[in-house]
Amino acid sequence: MVPQPGRGASPASGSLLRQIYGETHTTDLLNVCACAHAQAYGIGATDGHVDGPHSISALPVPIVSAHRRAADLQCMNQSFLYTALSLTAYSPPGLLNYVFFVLCLLLYVLTLCANVLLIALILSDPHLHKPMYTFLLHLALNGIVGSCAVCPKVMQSLLSRDPFMSYGGCLLQVLFVNVYTLCAYAILAVMAYDRYISICKPLQYHTIITPGRVRVLLAAAYLFPVGLTAVQVYLTSQLPLCRFAVNKMFCDNLVVVKLACFRRDLDNVYGLFIVCSLVLFPFVCVLLSYMQILSVSWRASKASQRKALSTCAPHLIIFINFSTIIFYSVLYNRRDSVSVLGNFLNSTLFALLPPLFHPLVYGLRTKEIQRSIQKLLLAAPPRPGPALPHLRVVPVDRSPHPASRRLGS
């Protein structure tokens with residue numbers, strides 16, 4: 001028999017829950033808690049106890065209280081995964097929302113088309129099967145992940161009268177948003193290392209940047225961000241919620257932490273570790289790479305300087321653009337009250353501008369990609385001419401004329 005509502009939870013927990021969540025939501029939570037306690041302690045009788053040395057009544061009171069508090073927290077987290085979070089950053093449907101929806105849809109389609117075209121060019125053109133363009137292909141894939149993690153839900157909420165998101169969906173969005181940001185920084189750092197080897201050690205480039213090393217660098221650029229982000233999302237999901245209103249257009253880790261009843265030092269230390277290892281460390285690597293490139297280029301000829309500038313300019317532009325947008329987004333998330341226009345601009349800058357900007361910059365600044373686009377556009381096969389069956393080809397006799405043979409003789 002399932003325990004009655006509230007019998008598995010401690011009285012103090014029940015009163016605290018009623019103060020925070022109200023009577024209706026507290027009843028649902030206590031039902032889940034009661035089931036969790038029944039599974040944890042083996043309760044199955046009508047009175048909520050079982051006989052024997054392993055019954056809950058045989059445990060000391062402090063141990064029972066500790067087990068109950070842990071079970072309360074666990075069952076609350078399980079219930080919160082299905083809790084609806086209200087997205088208060090959206091205004092009711094109107095002209096402004098429709099304008100934002102059209103702009104977001106247009107930029108989203110352009111972003112997908114630009115990145116898919118870039119990926120298709122790199123895969124189809126053998127001249128682009130080089131390490132630099134392999135890294136660029138993965139940067140385009142990462143941009144598609146970032147835009148798809150944010151834009152569809154933003155467009156849906158713009159047209160919704162009462163926009164909301166489940167807590168589990170919010171955590172999933174946090175995972176993809178953080179993976180998009182951290183993987184982009186890691187790939188940009190790997191691309192800077194590739195440019196450093198290409199310019200500072202050109203004779204050793206093919207012995208250092210081998211296909212095996214390219215695979216190792218890309219694996220590190222994905223595994224570390226995904227693994228560390230998954231742990232961070234798990235730690236965040238263990239925090240009990242006291243608020244259910246999100247004043248942003250999409251979820252990130254700081255937004256979810258602000259909904260919690262309290263903050264833990266462990267979460268702050270782990271977040272600082274992620275920033276230092278996956279943001280500051282790649283940033284320093286890129287700066288050191290370009291310092292070495294500038295040092296070598298300064299002593300080279302004018303032609304070598306122009307070649308180095310043309311090679312590094314697209315990557316440097318993208319890195320500065322992405323770092324600026326991320327820094328602005330971090331400052332934006334620190335603010336509690338932001339206008340609807342500010343929310344929309346931040347969402348667009350974060351999720352759409354970098355993925356759209358990256359293929360455009362490389363397409364305009366890289367000659368090899370320009371040649372690949374020209375070959376794609378001009379490679380249409382010639383149309384065959386109309387068939388003329390009534391014309392007959394007459395063979396030409398190229399032997400010398402008899403009169404000319406006599407004159408020659």
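Leaving aside its neighbours within four places in sequence, which residues is Pro-354 in contact with? The views below start there.

This is a predicted model, in which local features need pLDDT of at least 70, side-chain atom pairs count only at pLDDT 80 or more, and totals for chains, interfaces and linings use all residues. Residues are numbered from 1 along each chain as its sequence is written, and side-chain values use heavy atoms, with hydrogens and water left out.

**View 1. Surroundings of Pro-354 in helix 13 (residues 353-365).** Beyond four places in sequence, Pro-354 is in contact (heavy atoms within 4.5 Å) with Tyr-180, Asn-321, Phe-322, Ile-325 and Leu-349. The C-alpha atoms of Pro-354 and Phe-322 lie 6.2 Å apart, with their positions 32 residues apart along the chain. Pro-354 counts as buried because its relative accessibility is 0%; buried means under 20% relative accessible area, exposed over 50%, partly exposed in between (1.4 Å probe, protein chains only).

**View 2. Leu-136 in the largest nonpolar core.** A nonpolar core is a set of buried Ala, Val, Leu, Ile, Met, Phe, Trp, Tyr and Cys residues joined through side-chain atoms within 4.5 Å. This one has 77 residues, and Leu-136 and Ile-369 have the most contacts inside it. Helix 6 (residues 167-200) supplies the largest share, 19 residues. Helices (H or I, at least four residues) and strands (E, at least two) are DSSP runs, numbered from the N terminus. Leaving aside neighbours within four places in sequence, Leu-136 is in contact with Leu-118, Ile-122, Met-191, Tyr-362 and Ile-369.

**View 3. A second, separate core.** This core has 6 residues, including Leu-182, Leu-228, Tyr-270 and Leu-278.
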